[in-house]
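Here are a few exercises to work through with the model open beside you. Try each one before you read its solution.

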Amino acid sequence: MKDLISIIDVKKHVGETVKIGAWVADKSGKGKLQFLQLRDGTAFFQAVVFKPNMIEKYGEEIGVAKFDAIKHLSQETSVYVTGIVKEDARSKFGYELDVTDLEVIGASQDYPITPKEHGVEFLLDNRHLWLRSKRQMAIMQIRNAIIYASYDFFAKNGFIKFDSPILSGNAAENTTELFETDYFGNPAFLSQSGQLYLEAGAMALGRVFDFGPVFRAEKSKTRRHLTEFWMMDAEYPFVTHDESLDIQEAYVKALLQGVLDNAAYALETLERDTSLLQKYIDTPFMRVSYDDAIDLLQVHEHDEDTDYEHVEHGDDFGSPHETWLSNFYGVPTFVINYPASFKAFYMRPVPGNPERVLCADLLAPEGYGEIIGGSERETDYDLLLQKIADFGLNPADYEWYLELRKFGSVPHAGFGLGLERMVTFAAGTEHIREAIPFPRMINRIKP
């Protein structure tokens, strides 16, 4: 018999005796049979224990004792299980294990998350254990597939990984959303985005990206927002706004393909409609201007199936507007050229129309909202300096950023993708808090 194997690999060992390290997620049975639901982080599957087989192998006394011990295993007990892999057409997984031996590694008593229904708040308070469930395991596997696909895409397209600082001396977006901390007597802030630093990297290295945690100091309990999340930012020189949209579309399609290729079991566990994901890969994304989107929303605002409020040109969209727009087109949709009045200071105005900026939000269909925000950046020193002042920011805090426009400025653009929103979209799940390993563990810290 070979060394330990993973559950996901049992298909390679049909008819063989294997040994697996796992946890008992659930258990049932009666009489001479016990059914163990085992998990090891790669997959769940069933192991079957037949009492006569245990007696035949170990003799009456030891065989009965082993079977009785298995019968009384508690939820989340860790075990080494040895058995013969068999195909099982009745199982979604397709295989099961006929147990020939079982060794307890670590006992488990009074595990708080039982197979019964629990409220989401209770589960979030026990997030460190909820991660063990079949659904949460699948979501984390999809998250991993998206991260892997991100690195693969950027490596294939000539990007360099360029890490931005977590502590920053200035805001990248809205100053009201900053977490402030003391940095040896000076104020510092948890990063909202790595974008400003990536612009410096792009002027030095060409195509660059970063991937790390970012923070927004806004209380929210919506299914789309987190105070701490992971952001992938990319920046590239000598690229126009339209060319940037091409890169963003290719990137999102690569992420969806990566999930289909590397997380098929997780998608099946979540019962995700993979034909929809394939449709998004195969179909060109829509591109609609902000003003055309407003016109469209106004035309349809009294339709029977709409539930969004009236919007005027110059208003920002709410979640119902984004949902309706992306569902109207049925594919991920870029809304481009928003009003400058509610977009970031660094965005370049649309030529000939200073009230609009060269930017885009990518809206995911099925109600998942914005997954990417991007823009072409302002390259003119004087115009950028004026915008910083207009936003009420201190130009001294952005001196280094302004200098990028003094020494060989070039057209450049970039975007940021929220990892958790992308995971939620790809997985087809309802709440963004499921897409991050520990969304609220700060609640467990006692003063």
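Before we start, one term: a crossing of two helices is left-handed if the near helix is turned anticlockwise from the far one by less than a right angle, and right-handed if clockwise. Also keep in mind that this is a predicted model.

**Exercise 1. Describe how α5 and α14 pack, including the hand of their crossing.**

Step 1. Find the two helices. Helix α5 covers residues 134-156, and helix α14 covers residues 419-427.

Step 2. Pick the descriptors. Two packed helices are described by the angle between their axes and the distance between the axes.

Step 3. Fill them in. For α5 and α14 the angle is about 115 degrees, and the axes lie 9 Å apart.

Step 4. Add the hand: α5 and α14 make a right-handed crossing.

Step 5. List who touches whom. From α5 come Ile139, Ile142, Arg143, Ile146 and Ile147, and they meet Leu419, Glu420, Met422, Val423, Ala426 and Ala427 of α14.

**Exercise 2. Work out how many residues of α14 are buried, and say what follows the helix.**

Step 1. Take the cut-off: buried means under 20% relative accessible area.

Step 2. Count. Nine of the nine residues in α14 are buried, so by that cut-off the helix is mostly covered.

Step 3. Look at the names. Among the buried residues of α14 are Glu420 and Arg421, along with Met422 and Phe425.

Step 4. Move past the end. Glycine 428 comes after α14, and its phi is positive, near 75 degrees.

**Exercise 3. Is glutamate 87 buried or exposed, and which residues does it contact?**

Step 1. Place it: glutamate 87 belongs to strand β4, residues 78-87.

Step 2. Check accessibility. Glutamate 87 is exposed, because its relative accessibility is 60% and the cut-off for exposed is over 50%.

Step 3. Find its contacts. If you skip neighbours within four places in sequence, glutamate 87 is in contact with Val14, Gly94 and Tyr95.

Step 4. Check one distance. Leucine 97 is ten residues along the chain from glutamate 87, and their C-alpha atoms are 8.7 Å apart.

**Exercise 4. Sketch the whole chain in a few numbers.**

Step 1. Count the elements: there are 14 helices and 18 strands.

Step 2. Box it. Along the principal axes, the C-alpha atoms fill roughly 90 × 60 × 40 Å.

Step 3. Add burial: 49% of the 447 residues count as buried.

Step 4. Finish with charge. The chain has 45 positive and 69 negative charges, and their mean positions are 9 Å apart.

Technical notes:
Residues are numbered from 1 along each chain as its sequence is written. This is a predicted model: local features need pLDDT of at least 70, side-chain atom pairs count only at pLDDT 80 or more; totals for chains, interfaces and linings use all residues. Side-chain values use heavy atoms; hydrogens and water are left out. Helices (H or I, at least four residues) and strands (E, at least two) are DSSP runs, numbered from the N terminus. Buried means under 20% relative accessible area, exposed over 50%, partly exposed in between (1.4 Å probe, protein chains only). Lys and Arg count as positive and Asp and Glu as negative; His and the chain ends are not counted. The place of a charge is taken as NZ of Lys, CZ of Arg, CG of Asp or CD of Glu. Axes are lines fitted to C-alpha atoms, for helices over the stretch in contact, and angles run from 0 to 180 degrees between N-to-C directions. Contact means heavy atoms within 4.5 Å.
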